[in-house]
Structures are given as structure tokens and as C-alpha cells.
Amino acid sequence: MEKTLTYGMVGGGEGAFIGDVHRRAIALEGGARLVAGCFSRNPAITRSRGLSLGLDEERLYETPAAMAGGEAARKDRIDFVVVVTPNASHHAIAAAFLDAGIPVVCDKPLVTNSRDAADLVRRVAAKKLPFCVTYTYSGYPMVKEARALLRSGELGSVRFVNAEYAQEWLTLPLEREGNRQASWRTDPSQAGAGSTGDIGTHVEHLVSYVTGLEMRSLSARLDTFVEGRAVDDNATVLVEYAGGAKGLYWFSQVAVGSANGLKLRVLCEKGSLAWEQENPNVLQVARLGQPVQLLSRGRDSLSAEALGFSRIPGGHPEGYYEAFANIYRAFLAHLRDPSEPTPDYPGIAEGARGVRFVERCLESSAGGGLRLDF
Ligand SMILES: NC(=O)c1ccc[n+]([C@@H]2O[C@H](COP(=O)([O-])OP(=O)(O)OC[C@H]3O[C@@H](n4cnc5c(N)ncnc54)[C@H](O)[C@@H]3O)[C@@H](O)[C@H]2O)c1
């Protein structure tokens with residue numbers, strides 16, 4: 001019998017979005033139990049949330065630093081911490097837990113500037129601790145199928161990538177109407193950047209994960225369509241990759257009619273792939289001169305990667321929680337067996353690269369769409 005691991009959470013208090021998703025995804029995966037938390041900057045909220053989740057009062061902490069110190073001093077210390085607070089707080093919180101010798105799962109974007117990213121990279125290397133950045137979309141089985149198909153070489157080299165992430169939820173200035181998630185996401189001091197950091201970084205990771213392409217240069221134009229907003233809410237990025245492939249990314253949070261429209265299309269010499277997050281159990285594959293195929297999740301002929309991360313037979317739709325749980329499947333397996341050389345979850349290097357992507361987009365756009373080396 002495998003030992004049940006234990007974890008703590010920073011963030012994810014009353015009314016928070018993603019902390020609850022992490023808790024449910026970990027419960028869905030199984031094998032780890034929440035035992036400690038600092039769910040809010042307000043100790044009363046941490047207490048009520050912690051008690052409602054069945055935690056011992058002595059493991060509810062007033063600050064992340066107190067939690068890192070308190071847990072490090074315990075014999076039954078947590079096996080990892082999950083950081084699900086607004087972006088600008090990630091660095092100090094993750095650093096405190098790494099210093100305490102505790103592995104970290106941090107939501108994206110890793111941090112808000114390259115200096116902090118490099119600092120975390122150094123700390124992770126010095127402590128030799130597992131570190132996961134939850135780029136959720138690489139957890140979908142049909143994304144893994146797309147990756148396996150491109151790796152097989154059957155479709156030839158990639159020529160062009162077209163990726164978009166369209167949301168409508170910031171079409172109105174919700175940040176001026178007291179919407180908590182909108183308020184910090186449109187405050188540069190808390191978010192770092194707008195749509196580029198919030199959803200563009202998912203695109204950058206998804207493309208890299210599926211295609212394996214290395215970005216060589218980019219040219220970005222960031223727009224702010226909502227008057228008075230302090231960050232970008234729409235962006236277009238032209239990309240060049242090593243080997244000559246090209247890409248076009250578009251992210252928008254003012255795209256009326258789109259809820260969570262993350263879409264990827266990869267054109268290759270002999271075929272193409274297309275995947276959409278809102279219909280995630282299907283991968284479209286085209287081979288030149290043949291009928292277009294829709295591959296569905298859970299079929300025996302799929303790759304070992306896609307089958308290994310499928311939880312229920314095909315025809316029973318899997319979605320966001322399962323994808324999140326798949327990131328945890330790979331991370332928990334790595335915690336149990338750190339000798340695994342290529343664990344299939346996004347790590348500190350991917351997190352730091354995402355931060356560089358956001359910074360380069362801001363820089364390029366400020367220079368009028370300058371083409372910059374990546
Ligand atoms: N992987 C994904 O798909 C995904 C989706 C949504 C959000 N996120 C990321 O998750 C993070 C949180 O986003 P959210 O939408 O849940 O935000 P949120 O505003 O809904 O929740 C943030 C929580 O952190 C708490 N908090 C803030 N500062 C804290 C501190 N210093 N100590 C303890 N708790 C603190 C708040 O009280 C709140 O409970 C962000 O980095 C965001 O980019 C990732």
C-alpha cells in the first residue's frame with residue numbers, strides 16, 4: 001500500500017476560484033490529503049475555511065511564512081504545498097517553502113518578473129526539490145495524443161502553429177464593480193500583465209508541450225480595449241521557432257461569445273492537428289489526401305500517454321478536473337519516486353520560460369511590435 005501523502009494550501013479561501021479546483025483534483029486523483037493551510041491574508045477566513053475542510057486548528061497559519069516554518073518543524077510535515085494566490089505573491093511564498101525543504105506546486109504564471117523566476121530556479125536547483133507549475137491544459141489525454149503523434153514524425157515537420165485563447169469575461173470593466181478576480185488580474189502590481197500573463201502563458205506552454213518547438217523570436221501587439229484598464233485585455237503575437245516554423249497566437253478577454261476558447265491548430269508537411277479545450281475529448285487529425293479523422297479519447301489505438309492519463313472509458317466525457325488531476329498524477333508519482341528522469345508535469349523551467357514570454361511580449365509591444373529574440 002502506498003503511503004497517503006499530505007499537503008498544505010496557500011490561498012483558496014472563501015470565494016476564491018482555483019484553490020477549490022486543486023483540492024477537488026487532488027481528491028479525484030487520490031493519494032494525498034489536505035492537512036494544513038493559510039487560505040487567506042485574513043486569519044479569520046483561514047480559520048473558518050480550515051475548520052470547514054476538517055483541518056486541525058494547530059495547522060491553520062496566519063501567514064505563509066509561519067506555515068512554512070511551522071510545518072518544517074513538525075515530524076509529520078506536509079509532503080508538498082499548493083500555492084494558489086495572486087501572481088505577485090507567488091515568489092515570496094514559494095521561496096519560503098523551498099527554503100523550508102518543502103516541494104511546491106505553484107499555479108501559473110510562476111511569478112511576475114524574470115529576476116524572481118531566476119531566483120526560484122536557483123532555489124529549486126539548490127534544494128533539489130520537485131516543483132510543479134500547473135499549466136492545466138497539458139493534462140488532457142488528447143493533448144498528450146497530439147504530442148505523441150507529432151513526435152512519431154508521421155505528419156512530418158511542423159510548419160505553422162495557430163493558437164488562440166478567447167474569453168469574454170472582461171469585456172466590461174468588472175474590476176470597477178468589485179469583482180475580486182478581475183480586480184487583481186487588472187492591477188499590474190498584483191498580476192504583472194493582463195491577458196498575456198493570465199491566458200497567453202497557457203498558450204505558450206500548450207504549444208511548446210505539444211510541438212516541442214523552441215521559440216526563437218517574437219513580435220507582439222498588446223491592446224487595451226476597455227477604457228481606463230491598466231493592463232492588456234487582448235494580444236496578438238507573431239512567433240518564429242528554431243528550424244523555421246512560424247506561429248500566430250491570439251489571446252483575448254474581451255472576446256464576446258467565448259467562454260474559455262482555447263484552440264490549437266498545428267500545420268505539418270503531411271497533415272495537421274486541431275484541438276479545442278471546450279471539446280477536449282476529441283482530436284482532429286488530417287493526413288494529406290485522406291478524410292479528416294476525429295480521434296476520440298479512450299480508444300485502444302491511442303498512444304500509451306493518452307491512454308495512461310484517461311480515467312474512464314471513452315464516451316464518458318472527461319474535462320477540466322480530470323486534466324488538473326492528471327498534472328497531480330505525474331507530480332505525486334514523482335514525489336514518491338524522484339528518480340523518474342522525465343516526469344510528465346510542467347516544472348520550474350517551463351514556469352520561468354512562461355514569465356520570459358510575458359516579459360518579451362510586453363517589451364515588444366512597448367517598442368511598437370519590435371521583433372525580439374526569445
Ligand atoms: N491553472 C489554471 O488554469 C488557473 C486558473 C485560474 C487561476 N489560476 C492562477 O491561480 C492563482 C489564483 O487565482 P484565483 O483565480 O484562484 O484567485 P482568487 O482571487 O480567486 O483567489 C486567491 C486566493 O488567495 C488568497 N490570498 C491572497 N494573498 C494571500 C496570501 N498572501 N496568503 C494567503 N492567501 C492569500 C485570497 O484570499 C484568495 O483566497 C493565480 O496565480 C492565477 O493565475 C490558474
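1. In this predicted model, helix H3 (residues 64-72) packs with helix H4 (residues 90-99) at an angle of about 10°, and their axes lie 9 Å apart. Angles under 35 degrees count as roughly parallel, and H3 and H4 are therefore roughly parallel to each other. On the H3 side the contact is made by Pro64, Met67 and Ala68, and on the H4 side by Ile93, Ala96 and Phe97. By class, this contact of H3 with H4 has 6 nonpolar residues, no polar residues and no charged residues.

2. A second helix pair is formed by H5 and helix H12 (residues 348-366), whose axes come within 9 Å and cross at roughly 170°. Angles over 145 degrees count as roughly antiparallel, and H5 and H12 are therefore roughly antiparallel to each other. From H5, the residues Ser114, Ala117, Leu120, Val121 and Val124 meet Ile348, Ala352, Val355, Arg356 and Glu359 of H12. The residues of this contact of H5 with H12 divide into 7 nonpolar, 1 polar and 2 charged. The contact of H3 with H4, by comparison, has no polar and no charged residues.

3. Turning to the ligand, there are 30 residues around it, and those that come nearest are Gly13, Phe17, Asn87, Lys108 and Gln181. For glycine 13, a polar backbone atom is 2.8 Å from an oxygen atom of the ligand. Side chains also take part: a polar side-chain atom of histidine 90 lies 3.1 Å from an oxygen atom of the ligand, and an N or O atom in the side chain of arginine 185 is 2.9 Å from an oxygen atom of the ligand. On its own the ligand has 850 Å² of accessible area, of which the protein covers 93%.

4. Lysine 108, which is among the residues that come nearest to the ligand, is joined to proline 109 by a cis peptide bond, with omega about -20°. Proline 109 lies in the loop between strand S4 (104-107) and helix H5 (114-127). Helix H5 is the partner of H12 in the roughly antiparallel pair described above.

5. A further backbone feature concerns lysine 128. This residue has a positive phi of about 55°, although lysine 128 is not a glycine. Its place is in the loop between H5 and strand S5 (131-134). The two backbone features thus belong to separate loops: proline 109 lies in the loop between S4 and H5, and lysine 128 in the loop between H5 and S5.

Terms used: Residues are numbered from 1 along each chain as its sequence is written. This is a predicted model: local features need pLDDT of at least 70, side-chain atom pairs count only at pLDDT 80 or more; totals for chains, interfaces and linings use all residues. Side-chain values use heavy atoms; hydrogens and water are left out. Axes are lines fitted to C-alpha atoms, for helices over the stretch in contact, and angles run from 0 to 180 degrees between N-to-C directions. Helices (H or I, at least four residues) and strands (E, at least two) are DSSP runs, numbered from the N terminus. Angles under 35 degrees count as roughly parallel, over 145 as roughly antiparallel, 65 to 115 as roughly perpendicular and the rest as oblique. Contact means heavy atoms within 4.5 Å. Ala, Val, Leu, Ile, Met, Phe, Trp, Tyr, Cys and Pro count as nonpolar, Asp, Glu, Lys and Arg as charged, and the others, Gly among them, as polar. A residue is near a molecule or strand if one of its heavy atoms lies within 4 Å of it. A polar contact is a pair of N or O atoms within 3.5 Å; within protein, one must be able to donate a hydrogen and the other to accept it, and residues adjacent in sequence count only if both atoms are side-chain atoms. Accessible areas come from the Shrake-Rupley method with a 1.4 Å probe; for residues, only the protein chains shown count as cover.
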